[in-house]
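Morning, everyone. Have the structure open in front of you, please. I'll go through a few side chains and what surrounds them.

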Amino acid sequence: MITTANLLELRSLLAAEVADPHHILGMHEIRREGVDCLAVRAFIPQAREMCVIDTARPDVRYTMGLVHEDGFFEAVINDRSTWFPYKYEITALSGESWTSHDPYSFAVQITEMDLYLFSKGTHYEVYRKFGARSMEIDGVSGVYFAVWAPNARRVSVIGDFNTWDGRRHQMRLIKTHGVWEIFIPGVCSRDRYKFEIRTAGGELIEKSDPYGVFAELRPSTVSLVYDIESYDWNDEGWMKKRRSSDPRKGPMNIYEVHLGSWDRAAEGTTSDGGPGGRFLSYLELADKLIPYVKEMNYTHIEILPLCEHPLDASWGYQVVGFYAPTSRYGTPDEFMYFVDKCHQNGIGVILDWVPGHFPKDAHGLGRFDGSALYEHEDPRQGEHREWGTYIFNYGRPEVRNFLIANALYWVEMYHIDGIRVDAVASMIYLDFCKNAGEWVPNEYGGHENIAAIEFIKHMNSVMLQRNPNVLMIAEESTSWEGVTREVDHGGLGFRLKWNMGWMNDMLYYMAKEPVHRQFHHNNLTFAGMYNHTERFILVLSHDEVVHGKRSLLNRMPGDLWRKFAGLRTFLGFMYGHSGKKLLFMGGEFGQFIEWDEKRPLDWFLLEYEHHAKMLEYTRDLNALYLRERSMWHDDFGTGGFEWIQADDKMRSLVTFYRKCSDPRDITIFICNFTHTPYPDYKMGVPYECTYREIFSSDDAKYGGSGIVNPQPMHAERVEWDRREYSISVKVPPLGVSILKPIWD
């Protein structure tokens, strides 16, 4: 073995054990026998012959000698002493020939400042540096790869472009930060790749790219090179409005959707052979879902997690590709088109996001470089045993950076308008779903996860600074104080919080037979006691219509008429109550069976009168909500909601009104949760004027019994419900009547 390379380093290279292949491979200025000259070294397994070509003078060629039979070649150029641009001509054992620039001739593209910010957890656009980034260096096109794996012995890029041979493109380690990098000329968009990692213990593992922006359709686990910066957006009007106005000050009624089961194509099956036709693409959903949402008068679509995930049945909550929209429905550009079309139609997009845990799939983040890198080593800190997943180590700056940059990535690269953060309670409590001895207290002996809390505050602060009107929404199921309070005032800094308490109370209440509801009246009214303590969204979400809980319609007791009447009453009360609104798909038309991600919603039900009228009711209720300013103007304070009568538990009936900045612009709600109608119900009102009914859930056109108030009602100076004036109204069974004052 005659070579100018260090033999120990060469043996490490041939064994694919080297941390700095650039030190051996490529062109090097050397001194040999007292003369300055050049040595060019290449390691191309399966190559038979190689030569060096001067790219400035293609007729100048230097033959490379085969130094080692595994494919190590070297040329010593005695008549030149300074580096020059070059490429290789390679002839394979098969006889095929091609030319290629040398990956080991390019300098590091990540700056020291990039690495410093990453190590501090503050590189908010780190996704522009890590992963696979198409670029041109010195006129040479290719892809720059970078990955964080500080405890690996060696990292290589493997893919179709090198026959998945980990010896071909061994990466260079920047030791101070544990980052590996290489530029590979000629790699193109849609090329398939992974990282091959030799762990400190010598094990060889393959990993998908943590920062990969696109992935091959499951069951494949490979990452795909893709340029996400080439899409031409057409939503400038929406984005300009987003920059200037806070959406919380307006109406928000959100349609929660699982894209894979909202509807399916009539033909084919899913790629895993599932029933119900193939998935709709992002493009098909843009043509079908967006017009439906607009017609139904929703302001936002909230999508269950779209980050790449291996298992359909996880609904997207077991993420392996945090930076990749799932390929189940198409490409990143096609998802951008979907968001773009939403914005052009005046619809905001909220994305469900899962920073609390990640699955143990071999190709994912778990034990990424052979060590507990993104998670804790101690299973008491690093595992959700109940979920079978790993917990992020929020104490590591690089892990915090990965997640914070990811939230920003979806907002800034995909124009997402809100991030709903899943399972916040699992992050902020060390003992979440754990028994004694299964968790480690914090440094003060408590159960609060201090690192996770600081991560959340950091994330929300940065998002607020960079994108002040983007909604960070917490799914937080406990009574943690200050979830939506500003970070500067001791809060977590979320902009909105799901009201899980209201949801649980109301679902429990509505499942009771009406005759028994009088004994659970507090469930109906309790949220009014704390509504002003956080900025709430009232939710009837996907979690409440699965796993044997039954659909919303089927939770309502009684015969078919009473079920639909109960659901109309439930939604009417919800829309009157303080807080923004969210309804999971299917609830709007009375899906009868519970949600199943393997099949589309039962759209055929709209052929039946009850379901068609339920859809019309929801559409009109949404329209009323958008139209009546008092129903959303002051959702979070104490001034926007006032009980008229909250204590009539014997009749399971409540009355209240919503207010806004104009004290005369009010909307009065009468909600009857029993089967008993009241043809002459006396109630207090705030003003001496005439009132008219503007909406009734019992209207015959919605499937109701038709007990409505067609004539205006004039208030009398008769004290009732602790108010100076009163009116008499017809109250329908299991119904909601909505009134407004008439001002001459």
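One term before we start: buried means under 20% relative accessible area. With that cut-off, both Phe573 and Phe673 are buried. And keep in mind that this is a predicted model.

Let's stay with aromatic rings. How many aromatic pairs does the structure hold? It holds 63. A pair of rings is described by the distance of the centres and the angle of the planes. Take Tyr193 and Phe195. Their ring centres are 6.1 Å apart and the planes stand at 80°, so this pair is edge-to-face. Both Tyr193 and Phe195 are buried.

Now back to Phe573 and Phe673. They too form an edge-to-face pair, at 5.6 Å centre to centre and with 80° between the planes. Where do the two partners sit? Phe573 is in helix α15, residues 560–576. Phe673 is in the loop between β31 and β32. That is 100 residues apart, and the pair links these distant parts of the chain.

Two rings have a charge over them. The charged end of Arg651 sits over the ring of Tyr678, 5.3 Å from its centre. Lys682 lies over the face of Trp720, and here the distance to the ring centre is 5.7 Å.

Next, helix α3, residues 236–244. Which of its residues are buried? Trp238, Met239 and Arg242. They cover an arc of only 95° around the axis, which puts them on the same side of α3. The general rule helps here. An α-helix has 3.6 residues a turn, so residues three or four places apart point the same way. On the other side of α3, the exposed residues are Glu236, Gly237, Lys240, Lys241, Arg243 and Ser244. What do the buried residues pack against? Three elements: α6 (332–344), β20 (348–353) and α8 (397–413).

Keep β20 in mind, and turn to salt bridges. Side chains of opposite charge can pair when their charged atoms come close. A search of the whole structure finds 51 salt bridges. One of them joins Arg420 and Asp352, with the closest N and O atoms 2.6 Å apart. Asp352 is in strand β20 and Arg420 in strand β24, residues 418–421, so the pair ties together parts that are 68 residues apart in sequence. Are these two residues buried or exposed? Both Arg420 and Asp352 are buried.

Second salt bridge: Lys497 with Glu476. Here the closest N and O atoms are 3.1 Å apart. Lys497 is in strand β26, and Glu476 is in the loop between β25 and β26. The two are 21 residues apart, and the pair is another link between distant parts of the chain. Lys497 has 5% relative accessibility, so it counts as buried. Glu476 counts as buried as well, because its relative accessibility is 1%.

Third one: Arg485 with Glu481, at 3.2 Å between the closest N and O atoms. How accessible are these partners? Arg485 is at 30% relative accessibility, so it counts as partly exposed. Glu481 is exposed, at 61%.

There is also a network. Salt bridges link Glu125, Arg128, Glu229, Glu412 and Arg466.

Last, two buried polar residues. Start with Gln170. Gln170 lies in the loop between β10 (152–159) and β11 (172–174). Its relative accessibility is 0%, so it counts as buried. What does its side chain meet? One of its polar atoms lies 3.1 Å from the backbone oxygen of Arg167. Gln170 also has contacts beyond its neighbours within four places in sequence. Among them are Leu13, Ala16, Glu17, Phe43, Tyr104, Arg154 and Ile182.

Then His300. You'll find His300 in strand β17, residues 300–303. At 7% relative accessibility, His300 counts as buried. Its side chain joins that of Thr299 in a polar contact of 2.8 Å. Which residues does His300 touch, leaving out those up to four places away in sequence? One set is Met252, Asn253, Ile254 and Tyr255. The other is Ile347, Gly348, Val349 and Ile350.

To recap, three places to click on. See the buried pair of Phe573 and Phe673. See α3, with Trp238, Met239 and Arg242 buried. And see the salt bridge of Arg420 with Asp352. That's it from me.

How values were computed: Residues numbered from 1 in each chain as written. Predicted model: local features only at pLDDT ≥ 70, side-chain atom pairs only at ≥ 80, totals over all residues. Heavy atoms only, no water. Buried < 20%, exposed > 50% of the residue type's maximum accessible area, 1.4 Å probe, protein only. Helix = DSSP H or I, 4+ residues; strand = E, 2+ residues; numbered from the N terminus. Arc of directions from axis to C-beta. Contact = heavy atoms within 4.5 Å. Phe/Tyr/Trp six-rings, centres within 6.5 Å; stacked < 30°, edge-to-face > 60°. Lys NZ or Arg CZ within 6 Å of the ring centre and 35° of its normal. Polar contact = N/O pair within 3.5 Å; in protein donor to acceptor, adjacent residues only side chain to side chain. Salt bridge = Lys/Arg side-chain N within 4 Å of Asp/Glu carboxyl O.
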